[in-house]
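Student: I should like a close look at the nonpolar interior of this model. Please describe which residues and elements build it, and what surrounds them.

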Amino acid sequence: MNDVKTELFVGTHEFRFVPPDQIHFVMRGEFKGAHVDPYFDFVFSHGESTGGLLYSVYDLSEFTRATESGRKRVINPGRLYPYAALAVIGASFSTRTVAKMILRAGKLVAPKHFNFPIKFVSTMDDAQAWFDELRRKRA
């Protein structure tokens with residue numbers, strides 16, 4: 001895992017790996033098609049380097065939108081996302097609505113790639129509590 005970055009800034013977005021099995025995304029502003037390749041590289045390289053599934057947190061408190069090219073590529077990654085679960089925090093009503101539509105589209109277009117639970121929660125503590133519960137169930 002020496003050459004896998006633990007933190008990456010892509011445009012205004014921040015991607016961070018938190019050992020042993022969490023990946024955090026702070027999405028600020030617009031997510032564009034040009035952001036997808038670094039996003040995929042970060043996600044899949046950490047999935048491979050840990051040899052397991054990742055618990056992912058998406059902070060959408062400063063997110064504004066995903067462009068059409070960004071949405072199309074994210075919903076059809078071409079391989080399984082290495083996620084045990086995905087928690088979304090900080091989403092406004094309109095952002096939550098759009099995020100749910102993107103995630104639903106992913107499950108319809110590429111259902112096997114989106115085979116993990118997704119939950120919208122209020123805080124990072126809520127996400128951690130949910131992840132802890134899921135880990136206990138997996139053990």
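**The largest nonpolar core**

Tutor: In this predicted model, the largest nonpolar core has 31 residues, of which Phe25, Tyr39, Tyr58, Tyr81 and Tyr83 touch the most other members. At least two residues of this core come from each of β1 (7-10), β2, β3, α1 (36-50), β4 (54-66), β5 (83-89) and α3 (93-109). The greatest contribution is that of α1, which gives 6 residues.

Phe25 serves to illustrate the packing. Beyond its neighbours within four places in sequence, Phe25 is in contact with Glu14 and Phe15, with Tyr39, Phe42 and Val43, with Ser56, Val57, Tyr58 and Asp59, and with Tyr83. Apart from the largest core lies another, of 11 residues, including Tyr55, Ala84, Val121 and Leu134.

One of the contacts of Phe25 is Ser56, a residue of strand β4. Ser56 has a relative accessible area of 0% and therefore counts as buried, the cut-off being under 20%. With neighbours within four places in sequence again left aside, the contacts of Ser56 are Ile23, Phe25, Tyr83, Ala85, Leu86, Ala87 and Phe131. Phe25 and Tyr83 thus appear among the contacts of Ser56, and both are also among the core residues that touch the most other members.

A last detail concerns the backbone. Pro20 is placed in the loop that runs between β2 (13-18) and β3 (22-31). The peptide bond joining Pro19 and Pro20 is cis, with omega at about 5 degrees.

Technical notes
Residues are numbered from 1 along each chain as its sequence is written. This is a predicted model: local features need pLDDT of at least 70, side-chain atom pairs count only at pLDDT 80 or more; totals for chains, interfaces and linings use all residues. Side-chain values use heavy atoms; hydrogens and water are left out. Helices (H or I, at least four residues) and strands (E, at least two) are DSSP runs, numbered from the N terminus. A nonpolar core is a set of buried Ala, Val, Leu, Ile, Met, Phe, Trp, Tyr and Cys residues joined through side-chain atoms within 4.5 Å. Buried means under 20% relative accessible area, exposed over 50%, partly exposed in between (1.4 Å probe, protein chains only). Contact means heavy atoms within 4.5 Å.
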